[in-house]
Amino acid sequence: MARTTHDVLSVEWIKLELLRTAYATRGGLLATMDPRAVLAWYVLLALAPWFTHDATVLGLLFAFSVVMVVVSRVGPLVLGLFVVGLLTEGVYLAVAAWLFGGDVDTLMALAELTLKLGVVSLASMAAFVSLDPEKLSDALLALRAPTLVAFGVSYGYRMLPIFMEEFHTIVDGHRLRARPVPSRGLFAWRTVVNVGVVFVHAFYPMMLNTAKRTRTTVEALETRGFTVAAHDPRSRQVRLAHLRVTRRDVVVLSMTLAVVLASYGAGAVHPTSFR
Amino acid sequence: MTAVIEVDGFRFRYPGAGVESLRGVDLTVEQGDFVAVVGGNGSGKTTLCKAFNGLVPHYWSGRTEGSVTVSGVPTATSTVAELSTVVGYVYQDFSNQLVRPTVRDEVSFAAVNFGLPDHAARTQEALEMLQITHLADRFVWQLSGGQQHLVAIAAVMVLRPQVLVVDEPVAELDPGRAAQIYECLARLNASYGTTIVVIEHHTDLVARYARSVVLMADGAVVWHLPVAEAMARSAELDAHGVPAPQVVQVARAFERTGPVPLTPADAARWLADRGIEARPAAPTGPTGPAGGTARPVVARLDDVRHGYRGVDGRLETVLAGVDLDLHEGERVALVGSNGAGKSTMLRLLTGLRVPRAGTVTVEGVSTRDVSPSVMADRVCYLYQRPEEMFLTDSVRGDVALYPKGRDVPDADGLVDEVLALVDLQHLADRDGRTLSGGQQRRATLAVGLAMRPSLLLLDEPTSSLDIGSRDGVIAMLARLADHIRCVVVATHDMHLVAEWATRVIVLDHGDLVADTTPSRLFGDATLTNRVGLVPPQVAQLGRALGMDPPPLSVTELVARTGARPHAHASASGPHAGTEVPGGTHDA
């Protein structure tokens, strides 16, 4: 088959999707909010499913999370992985229940857990796709996380594209220079093993190159007052001065609270059991 | 004038090092000066500059003697944080200095860390100083190398330091952008009175922009002189591994003492004053057509179009329909500004990427039909950053990776032979990352040679190298002719183009705009201006003297004037570019 350039489902596409997700380039409702409000929203929705066993409540919460994922403009890669994960888990549960002599009851009990985890996952996607690195790090700092943690988060994001490029380059180097896979084998198992081996081998140069790079970074941080900031309350004040909770934040949070309460209300009126 | 930095008998030894890196430095930097620090590798330039902002000895706590006083405060009793409001430092590997996601955040970082209430205004001011306000909301990884460098400078200027130290500002930039960075430094110096200290080995830039020059050798200052006097001592510079600018070498070929010109325009006047002019007929220089079309074709690009998707989903065209044949025996230089499509073209030749349209064939095999690992039997691509090619823990391991993986007969013999060729046997068991810049390049060349490709592709093989190591790499490239059918080098280094290439391909915004020879390229002012290339000084001077095609080396220029150089012409020094590759001896 002749090789061509693909715009989706290629390595380049995955790299771009990761960047779009990490840097919240698509915008969306939550992306316009104060990062502390986004975290509060996330905590609210992530805790909500754990206080019930009722299918009506969980179903409504799940539906609400789906809506929030749509308005938060979660990208196809993350969403696709989630759907694939959900489907394979469903199949796996069915097979496991059948193998271990379970019946529909077992399956339903496990489905309840899946639904709860689904709500949390969807909420996580919506929240973290909407927080770019600065917002996340500022929110953490505002919530009294240690300076080093807050900085670490933003630095990690900053390095992400560099790591991705470098990893890709090193893997390409192995493809070109190391022993080629003679034949793919049954279900291409040799290719799979080879990819695994290359990933492990790529670790060594990645580590050393990063260590070398960080030397400059650490010195530069010193000259730019990073250690001063860790002990200086003025620095924290200045950094967080731009954070403002607006009316929009309050509206979204109260709406979410209303939806959660309404779901529980509906569950009380029309209880649906998983069993 | 008042002194802003005073160094008095300063000695320093890195912890655990056997010898002192600085041995008794005495130096005074005046407020408002533009100082260039020059000297060979290991002469202590970087260590000295790190003593200015207290990284030495506060961060690197070695043994010190003597004193460094910055703005009246001894660094020994100050802290790095306090000193960094007086002395800003921009690293050679500046991209590692950028720690925040967006440009505005990066620039404000230091001001915010120090809790300055006017940080927003300062950030805006720094962005305006460097004229990068339009980049403020971009992510750092979206920027080109030159833009990143400006951001790194702005991020330091936000503290309004009196002194700005820049370590090798232009190592990885194309010549057009290198001039921009220097123009920018000169503007900071003139408009804001910032004292500028650069570590630089491109003496042509030193001559043009600096006001005084510090020559370092063996951890001490040899002299600190006004730039004209410093450049006039070309023999001393040369002896310390810092070749003088080509225009100075030209002047020295005629007069061994006295004042020297600092720019090509100066040099044209200097020669005119002495009645030296070009001989009417141009006796040397390759004039035939680029590349012999009769030679067998090694690789062919047929209407190749390629582009990348950006984060915003738009398709950015990188190559817009390129047709090109590469022939046996050619030394091809691929030139064009950053982002012109050079690296993309090389990657397409390896088969790592296939073009969106058109075909790439190497020795008759299309990259669409085989995997990159099969293509690797014919094509080898050496990355710009050598450390990305070091996949194992020793140079020998890296060189052996391909021959052993492909079960080449007598792989060990081949590896030894190749290591001998690049003169690295004694370092073969070291990790490539621990070698010096020049050694790293030679190690990657060895990796390429051991693959025995028909087509060797090199991306910026001379970037970030000092002049001595650079000449070593160019000499090594010249010796490859017997081993490889065709070599393609993507480069910003016009000296490499002048000294090595037989054919030049000029790319501009994805179009192939010229296919020519070095001398004809440098003779075409419209073309070089259009694509932002700066010809070597001899070519510029030759053009000013009306030589067509312009000369490619100092020796050639001197030979093509009517005048006789003095008996012991110093222009034939080790770095004067005495060999002119051309139509006559390379067929």
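Start by selecting T56(A): with 19 C-beta neighbours inside 10 Å, this residue counts as partly exposed, since a residue needs 20 or more to be called buried. Keep in mind as you click around that you're looking at a predicted model.

**Stop 1: around T56(A)**

T56(A) sits in helix α3 of chain A, which covers residues 55-71. Now add P271(A) to the selection. Along the sequence the two are 215 residues apart, yet their C-alpha atoms are 6.4 Å from each other. Which residues does T56(A) touch, leaving out those up to four places away in sequence? Show A266(A), G267(A), H270(A), P271(A) and T272(A), and you have them.

**Stop 2: chain A as a whole**

Zoom out and colour chain A by secondary structure. You'll find 11 helices and 0 strands, so to speak an α-only run from the N terminus on. The C-alpha trace spans about 65 × 65 × 35 Å along its principal axes. Of the 275 residues here, 31% count as buried. The pairing of T56(A) with P271(A), 215 residues apart, has plenty of company: among contacts in chain A between residues at least 6 apart in sequence, 82% join residues at least 24 apart.

**Stop 3: where chain B meets chain A**

Next, pick out the contacts between the chains: 49 residues of chain B meet 57 residues of chain A. On the chain B side, α2 (55-59), α3 (80-84), α4, α14 (372-375) and α15 (395-405) each supply at least two residues. The top contributor is α4(B), with 5 residues. Colour that side of chain B by residue type and you get 27 nonpolar, 10 polar and 12 charged residues. For the model overall, the scores are ipTM 0.81 and pTM 0.84.

**Stop 4: helix α5 of chain B**

Select residues 119-129 of chain B, which make up α5. Which of its residues are buried? They are H119(B), R122(B), T123(B), A126(B), L127(B) and M129(B). Look down the helix axis: the buried residues fall within an arc of 160 degrees, so they line one face of α5(B). Turn to the other side for A121(B) and E128(B), both exposed.

What covers the buried residues of α5(B)? The cover includes α10 (233-240) from chain A, along with α4 (103-113), α6 (145-157) and α7 (175-192) from chain B. Just after the helix comes Q131(B), with a positive phi near 55 degrees.

**Stop 5: into the core**

Click on A154(B). Leaving aside neighbours within four places in sequence, A154(B) is in contact with V107(B), A126(B), L127(B), M129(B), L130(B) and I132(B). The largest nonpolar core has 239 residues, and A154(B), A446(B) and L457(B) are the ones with the most contacts inside it.

**Stop 6: the annotated spans of chain B**

An unreviewed UniProt entry lists "domain: ABC transporter" for residues 5-243 and 299-534 of chain B. Select 5-243: that span is 38% helix and 25% strand, and its end C-alpha atoms lie 27 Å apart. Residues 299-534 come out at 34% helix and 27% strand, with 29 Å between the end C-alpha atoms.

**Last stop: colour by confidence**

Chain B has a mean pLDDT of 88, and 94% of its residues reach 70 or more. Residues 285-292 of chain B are below 50, with 19 contacts in the model beyond near neighbours in sequence. Residues 567-587 of chain B are also below 50, and that stretch has 46 such contacts. Where pLDDT is low, the predicted coordinates should not be read in detail.

Conventions: Residues are numbered from 1 along each chain as its sequence is written. Chains are lettered from A and ligands numbered from 1 in the order in which they are written. This is a predicted model: local features need pLDDT of at least 70, side-chain atom pairs count only at pLDDT 80 or more; totals for chains, interfaces and linings use all residues. Helices (H or I, at least four residues) and strands (E, at least two) are DSSP runs, numbered from the N terminus. A residue is buried if 20 or more other C-beta atoms lie within 10 Å of its own, exposed if 12 or fewer, and partly exposed in between; C-beta atoms are placed from the backbone. Two residues are in contact if their C-beta atoms, placed from the backbone, lie within 7 Å. UniProt positions are given in the numbering used here, feature names are shortened, and annotations may be inferred rather than shown by experiment. The arc is that of the directions from the helix axis to the C-beta atoms. pLDDT is the predictor's confidence in each residue, from 0 to 100. A nonpolar core is a set of buried Ala, Val, Leu, Ile, Met, Phe, Trp, Tyr and Cys residues joined through C-beta atoms within 7 Å. Ala, Val, Leu, Ile, Met, Phe, Trp, Tyr, Cys and Pro count as nonpolar, Asp, Glu, Lys and Arg as charged, and the others, Gly among them, as polar.
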